[in-house]
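Please open the structure in your viewer and keep the selection tool at hand. The stops below indicate what to select next and what is to be found there.

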Amino acid sequence: MQEVKNKLKILSSLSSSTFEDGLKRFERAVAVILVFVQIASPILPLGASNSWSISPAEAVLYSPDTKVPRTGELALRKAIPSNTNMKAIQDSLEDISYLLRIPQRKPFGTMEGNVKKALKIAVDDKDPILASVPADLREKGSELYASLIDGKGGLKALLECIKDKDPDKVSVGLASSLDIVAQLELLQAPGLSFLLPEQYLKYPRLAGRGIVQFDIEKGDGSTFSPEAGGEPRKTATIQVVIDGYSAPLTAGNFAKLVVDGVYNGVKLSCTNQAILSESGIGKNSGYSVPLEIMPSGQFEPLYKTTLSVQDGELPVLPLSVYGAIAMAHSEVSEEYSSPYQFFFYLYDKRSAGLGGLSFDEGQFSVFGYTTVGRDILPEIKTGDVIQSAKLVEGQDRLILPDEN
């Protein structure tokens, strides 16, 4: 009986599927249907009745073309606070990713224009780009800059791939160029680009990025599927990049818990939406961190406030990505995250809104993404155990309260 209660509690902590929420979803669905009817029959006066009208923001939100990052790597890249010139280069290149999705005949001419635009910015603005890199990292920055222009995976090489009109080559070349862009941006952003509110300086915080490695073992003695050409595994490894640029308090508290060994030996529970850690009740598990969400287009996070996705508000770190990692809500108040319990989100576009957004988007503190071992997530079952969790990168960026 207790196990049933626990499962119900888990589901209630993750889902807002109340009658009121269901009614809102029904109204959105009706509005979307009317939009499609309007497209098919322009003579229909969609705006004739205020009770059925749909705002431009909501129409965009529920369009299948909404440009929300669909991978953790893309979301993390977009979240780096760096030089505006580098962001312009990145935006121009990211557009090519969407152009590559166009079926049949690809717009290679447009792609070529995007790369030439990025290359012009890189060449014309070399000095401000490198000036944004701290002096002690300037040599590394110069090497990356040269690689971005003339390197094997750089912009000039990408232009040649586009001229060959081979989508596979373009995709590989684009990934390489964007990786160099991200490395250079990370050099430009060694710490937080904003000041935390004074009342939150007592919390641990992560001033940048970190990587956490989880070793997971089966609770029932079974095995994980083998790696290519290997044997079945008793344990499997997952790596998560945690992002202090957008969620410094949430990522900082989590990193401290990892360093303290709090998650070693913790059991996992699974629903169709998420893989959750134990709740941590009765453990000295740290701080009840305020809900922390960085809205797109803003320079600092909001605290104790959810986003109104229906009004077009979207987070920098979206939940609607398979393998997103976020904190569950506090049992006391949804204005706070749990001090201990986290979950991996198993995003499924088949159960998302028309725009591909989770119905829980903007409701939780997302602070990172699974970047290694995403294929392991669907194999994790209730009762499996975190054998160990380690902060393998970023401990030098973890700031603890007694260090202030």
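Begin with helix H8, whose buried residues pack against five neighbours to be displayed beside it: helix H5 (84-99), helix H6 (108-124), helix H7 (126-131), helix H9 (155-163) and helix H10 (167-188). Please bear in mind throughout that this is a predicted model.

**First stop: helix H8**

Select residues 138-150, the 13 residues of H8. From the first C-alpha to the last, H8 reaches 18 Å, close to the 18 Å expected at 1.5 Å a residue. Now colour Gly141, Leu144, Tyr145, Leu148 and Ile149, which are the buried residues of H8. They lie on the same side of H8, because they cover an arc of only 135° around the axis. A general rule helps in reading such a pattern: an α-helix has 3.6 residues a turn, so residues three or four places apart point the same way. Which exposed residues does the face turned away from the buried side of H8 carry? Rotate the view to find Glu139 and Asp150 there.

**Second stop: the loop after H9**

Move to Lys165, in the loop between H9 and H10. Is Lys165 buried or exposed? Its relative accessible area is 58%, and therefore Lys165 counts as exposed, the cut-off for that class being over 50%. Lys165 also has a positive phi of about 55°, although it is not a glycine.

**Third stop: the whole chain**

Display the entire protein chain, which contains 11 helices and 12 strands. Of its 404 residues, 47% are buried. The chain exposes about 20,000 Å², of which carbon and sulfur atoms supply 54%. Among contacts with a separation of 6 or more, 74% are between residues 24 or more positions apart.

**Fourth stop: the barrel**

Select the strands in the order S2-S3-S10-S8-S9-S5-S4-S11 to see 8 strands close into a barrel with antiparallel pairing. The twist averages 35° from one strand to the next. Look at S2 (residues 209-217) and S3 (residues 235-243), which are joined by 9 bridges. Within this pair, Ile211 stands opposite Val241 in S3. Then add helix H11 (residues 248-259), which lies across S2, S3, S8, S9, S10 and S11 (385-393) and runs at about 115° to S11.

**Fifth stop: strand S8**

Select residues 324-329, which form S8; 6 of its 6 residues are buried. S8 pairs with S9 (residues 337-345) over 5 antiparallel bridges, and 4 bridges join S8 to S10 (residues 365-372), again antiparallel. Which residues are the bridge partners of Ile325 in S9 and in S10? In S9 the partner is Phe344, and in S10 Ile325 is bridged to Gly368.

Lys304 is found in the loop between strand S7 (302-303) and S8. Its phi is near 60°, a positive value in a residue other than glycine. Lys304 is partly exposed, with a relative accessible area of 34%.

**Last stop: Thr371**

Finish at Thr371 in strand S10. Thr371 is partly exposed, with a relative accessible area of 23%. Display its contacts: leaving aside residues up to four places away in sequence, Thr371 touches Glu73, Leu76, Gln239 and Val241. Val241 was met earlier, opposite Ile211. Lastly, select Gly72: Thr371 and Gly72 are 299 residues apart in sequence, while their C-alpha atoms are 6.7 Å apart in space.

Conventions: Residues are numbered from 1 along each chain as its sequence is written. This is a predicted model: local features need pLDDT of at least 70, side-chain atom pairs count only at pLDDT 80 or more; totals for chains, interfaces and linings use all residues. Side-chain values use heavy atoms; hydrogens and water are left out. Buried means under 20% relative accessible area, exposed over 50%, partly exposed in between (1.4 Å probe, protein chains only). Helices (H or I, at least four residues) and strands (E, at least two) are DSSP runs, numbered from the N terminus. Two strands pair if DSSP finds at least two bridges between them. The expected span of a helix is 1.5 Å times one less than its number of residues. The arc is that of the directions from the helix axis to the C-beta atoms. Contact means heavy atoms within 4.5 Å. Accessible areas come from the Shrake-Rupley method with a 1.4 Å probe; for residues, only the protein chains shown count as cover. Axes are lines fitted to C-alpha atoms, for helices over the stretch in contact, and angles run from 0 to 180 degrees between N-to-C directions.
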